[in-house]
Amino acid sequence: MLKLTNINKSYTTGDFTQQALNDVSLEFRKSEFVAILGPSGSGKTTLLNIIGGLDRYDSGDLIINNKSTKKFKSTEWDAYRNNCIGFIFQSYNLIGHISILDNVEMGMTLSGVSAKQRKKKALEVLDKVGLKEHAHKKPNQLSGGQMQRVAIARALANDPDIILADEPTGALDSNTSVQIMELIKEIAKDKLVIMVTHNADLAHEYANRIVEFKDGHLVSDSHPIKKNEAEREKYKIKKTAMSFLTALKLSFNNIRTKKGRTLLTAFASSIGIIGIALILSLSNGFDIEIDKFERDTLSSMPIMISEQAMEMTEEKIEELNNLDKMEEYPSKKVVYPQKPITDEMLHTNVLNQEYIDYIEKIDSKLLSGISYTRATALNIVTKVNGQYRPLTLTQMEFSGLPKKLDESKDGVIESNYDILAGQLPVEKDELLLMIDSKNRISNRILEALGLDITKSEISFEDIIGTEMKLILNDEYYRQVGNFFTLNMDYDSMYNSNNSLTLKVVGIARGKEDKKALTSTSSGLSYTEALVDYVIAKNKDSNIVKAQKNANYNVLTGEQFINNDDGAKTKDTLISYLGGDGVPVLINLYPVDFDAKEKVIDYLDKYNEGKDINDQILYTDLGDIISSLSGSIMDAITIVLIAFSAISLIVSSIMIGIITYISVLERTKEIGVLRALGARKKDITRVFNAETFIIGLCSGLLGIIIGWLLTFPANKIIEALTELPNVAKLNPLHALILIIISMTLTMIGGFIPAKMAAKKDPVEALRTE
Ligand code: ADP
Ligand code: MG
């Protein structure tokens with residue numbers, strides 16, 4: 001049953017208050033066809049909106065099922081509209097972007113009827129209004145009369161008890177109007193139909209009861225309810241709720257009608273994502289590359305222990321910084337003596353036998369090799385075209401090969417060099433010729449090997465097997481009184497039984513992918529066996545014996561060293577001449593990154609609890625390089641991501657604006673949905689669904705474009721750095737970015753979506 005008692009409703013615009021309904025009391029039968037007549041502005045629409053729960057009355061009461069609606073919650077009103085009321089409007093109010101069928105189904109969709117049942121029922125009512133064949137058309141493909149039939153079908157679909165029709169024939173020609181009236185009359189057989197019209201003829205012809213309004217007052221009622229005519233039957237009210245899927249479908253269909261705009265919006269807001277995706281894939285790729293580089297190359301870069309090491313402890317750096325804090329441009333007329341910065345930083349490592357023994361005890365699995373550089377004089381004489389020549393090669397030109405620690409595994413040379421001809425030297429009299437990446441080698445070395453350097457190229461075969469002589473100290477130097485001086489008799493030296501013929505047995509070149517490590521080393525390399533041999537021989541040499549007994553001045557081939565200042569010079573002399581065999585430089589080659597860490601731990605352990613002067617400091621070149629490149633990459637990444645993040649924020653504001661525009665465009669739809677029983681929440685949902693779709697699109701678009709851009713980016717990087725496939729998009733990053741994109745667009749669209757929900761349904765329906 002439905003009853004209005006003393007309903008008042010007024011609208012205030014500015015200072016002016018319009019009394020739209022004035023103390024209206026009216027009761028309706030469960031099933032009758034009521035026509036409401038009255039001039040324009042007499043309050044007819046207001047009455048319908050109040051009966052339909054679209055608008056609230058100011059005072060009085062609307063009684064549904066014997067129950068006052070004064071304390072109705074908004075969800076109860078929503079349910080009431082959805083289940084009990086079917087609206088038919090003068091301007092049809094169909095949702096333009098979905099099909100006729102979907103329009104008719106909408107009320108059932110809101111009340112959660114299953115898809116199958118919805119379709120069955122919708123087709124049934126469409127059949128009733130004679131439009132079954134048009135079910136899949138869009139509203140704008142129909143005539144006015146047909147659209148009004150769709151609206152009637154929609155009003156009937158959820159099987160409401162009350163149909164409210166506001167001038168349903170107002171926009172139709174008279175023939176069509178008659179057809180529509182017939183249809184409504186048919187419906188009114190088992191329902192309450194309240195129809196507003198200003199066509200009195202049609203009203204009198206079709207309606208059972210005529211109610212007239214004027215200036216918000218009820219002026220006449222042709223068939224009022226009598227006292228004893230009590231109605232017992234009740235209307236059913238069931239709660240409504242739109243599922244997110246329905247909201248998605250609705251928004252998806254709406255978005256489909258404006259593909260271009262959606263695509264542009266998604267693209268614009270994906271730019272930030274593209275930026276971040278690209279930066280992340282680049283930095284990710286560089287991290288992987290640097291990691292690989294570290295593992296492959298930097299880790300096999302030796303840990304250097306030399307007589308002089310840079311002391312880069314935190315205290316040292318602090319100390320140097322403090323020096324910098326001295327007053328600038330002081331007025332005091334004094335000068336401050338300053339130690340050279342290098343002196344401040346340099347630490348003298350005293351490499352002694354104890355330390356060598358310690359080094360020798362390193363777990364051999366951790367190292368692929370150890371090389372010792374000793375200031376041992378390897379005296380070389382060559383014979384070129386019958387002429388003897390003493391040779392002085394620099395340490396770069398003539399150096400020891402790293403000692404192989406584990407015979408079963410590849411050593412430093414095998415893993416970093418290609419043997420291009422011959423084989424690796426093993427014996428003490430075997431040499432390896434190292435050439436650079438362009439197969440070049442110094443003239444001096446070639447000459448030393450007796451090769452003709454006037455030729456533009458020399459074949460490997462010509463080089464393998466070439467020889468030079470190693471002369472021991474006792475034959476190379478001659479004692480004259482208190483001096484040792486060069487023995488110039490090369491013929492006897494060269495042919496002595498004690499001199500050793502060294503032969504080139506192999507040619508090696510650094511592997512292409514080990515460029516960083518190997519590109520600078522070219523020259524001749526000798527085996528550790530040779531060093532052992534020379535040290536053993538020199539130990540008992542006259543020159544060393546003489547050294548041990550007294551202070552001697554020694555004249556070597558290149559320099560005269562005076563020992564006036566005592567013991568220190570004596571030490572120097574002995575090491576120059578290979579007396580005690582303690583190296584001046586030790587290179588440790590770790591097998592891999594983890595091994596390197598362990599080796600470093602081992603070296604640090606030696607220094608524990610020792611006085612700074614007794615500590616042995618090492619230099620880890622690989623670490624210096626990688627920490628440098630790593631931190632630069634990190635800094636660049638952060639700056640670029642910050643920039644892209646700004647564009648993400650801009651795009652989420654843009655999404656907010658776009659959603660706001662969409663809300664304005666879809667105001668009518670909001671009104672229709674509310675009239676069909678959609679809750680405020682459902683309206684929010686519709687727009688959240690829209691931003692969800694746009695966010696997803698822009699996220700996906702951003703990831704796809706970002707990913708596609710990694711290909712040209714890789715081409716460019718490869719051209720610049722020769723590193724292939726640096727840019728790699730981590731799938732986890734991609735997923736996170738899509739989620740970020742969706743979250744940001746949802747946040748951007750949240751306020752407009754809330755605004756949409758707050759819209760007054762009556763006003764929403766009023767907009768054109
Ligand atoms: P009818 O449908 O009989 O033509 P309405 O019920 O639409 O009349 O309106 C009754 C009166 O209330 C009119 O004077 C109209 O201007 C006023 N009115 C209706 N809705 C509003 C509104 N939302 N704001 C201000 N005035 C309104
Ligand atoms: Mg009206």
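Is R389 buried, partly exposed or exposed? In this predicted model, R389 is partly exposed, its relative accessible area being 33%, and the legends below begin with the pair to which R389 belongs.

**Figure 1. Close-up of the salt bridge between E447 and R389.** The side chains of these two residues, E447 and R389, come together in a salt bridge with an N to O distance of 3.7 Å. Because E447 belongs to helix α14 (residues 443-448) and R389 to strand β16 (residues 387-391), the pair ties together parts that are 58 residues apart in sequence. E447 is partly exposed, with a relative accessible area of 25%, and R389 is likewise partly exposed, at 33%.

**Figure 2. Close-up of the salt bridge between D55 and K9.** Here the side chains of D55 and K9 meet at 3.5 Å, taken from N to O. D55 sits in the loop between α1 (44-51) and β4 (59-64), whereas K9 sits in strand β1 (residues 2-13), so that this contact ties together parts that are 46 residues apart in sequence. D55 is buried, with a relative accessible area of 8%, and K9 is also buried, with a value of 9%.

**Figure 3. Close-up of D682 with R679, and of a network of charged side chains.** Side chains of opposite charge can pair when their charged atoms come close. D682 and R679 form a salt bridge in which the closest N and O atoms are 2.9 Å apart, and both D682 and R679 are buried. In a second panel, R29, E32, R209 and D221 are linked to one another in a network of salt bridges. For the model as a whole, the count comes to 22 salt bridges.

**Figure 4. Close-up of the nonpolar surface patch to which α23 and α26 contribute.** The patch is formed by I649, I653, I657, Y660, I661, L664, F750, I751 and M755, which together have about 840 Å² of accessible area. Helix α23 (621-665) and helix α26 each supply at least two residues of this patch, and α23 gives the most, with 6 residues. L664, one of the patch residues, is found in helix α23 and counts as partly exposed because its relative accessibility is 45%, between the limits of 20% for buried and 50% for exposed residues.

**Figure 5. Close-up of the positive surface patch formed by R56, K680, K754 and K758.** Among the residues of this patch, K754 has its place in helix α26 (residues 731-758), a helix that also supplies at least two residues of the nonpolar patch. The relative accessibility of K754 is 37%, and K754 therefore counts as partly exposed.

**Figure 6. Close-up of the negative surface patch that includes D594.** The residues that form this patch are D592, D594, E597, D601, D604 and E608. D594 is found in helix α22 (residues 593-607), where D594 is partly exposed, with a relative accessible area of 43%.

**Figure 7. Close-up of helix α2, a mostly covered helix.** In helix α2 (residues 74-84), 8 of the 11 residues are buried, and these are W77, D78, A79, Y80, R81, N82, N83 and C84. The relative accessible area of C84 is 0%. Another cysteine, C697, is partly exposed, with a relative accessible area of 33%, and the count of disulfides in the model comes to 0.

**Figure 8. Close-up of helix α25 at A713 and W707.** A713 is found in helix α25 (residues 680-721) and is buried, with a relative accessible area of 15%. The C-alpha atoms of A713 and N725 are separated by 8.8 Å, these residues being 12 residues apart along the chain. W707 is also found in helix α25, but W707 is partly exposed, with a relative accessible area of 43%. Between W707 and L729, which are 22 residues apart along the chain, the C-alpha separation is 6.5 Å.

Conventions:
Residues numbered from 1 in each chain as written. Chains lettered and ligands numbered in written order. Predicted model: local features only at pLDDT ≥ 70, side-chain atom pairs only at ≥ 80, totals over all residues. Heavy atoms only, no water. Patch = residues over 30% accessible without salt bridge, like charges linked within 9 Å, V, L, I, M, F, W, Y side chains within 5 Å. Areas by Shrake-Rupley, 256 points an atom, 1.4 Å probe, with all protein chains shown as cover. Salt bridge = Lys/Arg side-chain N within 4 Å of Asp/Glu carboxyl O. Lys, Arg positive; Asp, Glu negative; His and termini not counted. Charge placed at Lys NZ, Arg CZ, Asp CG, Glu CD. Helix = DSSP H or I, 4+ residues; strand = E, 2+ residues; numbered from the N terminus. Buried < 20%, exposed > 50% of the residue type's maximum accessible area, 1.4 Å probe, protein only. Disulfide = S-S within 2.5 Å.
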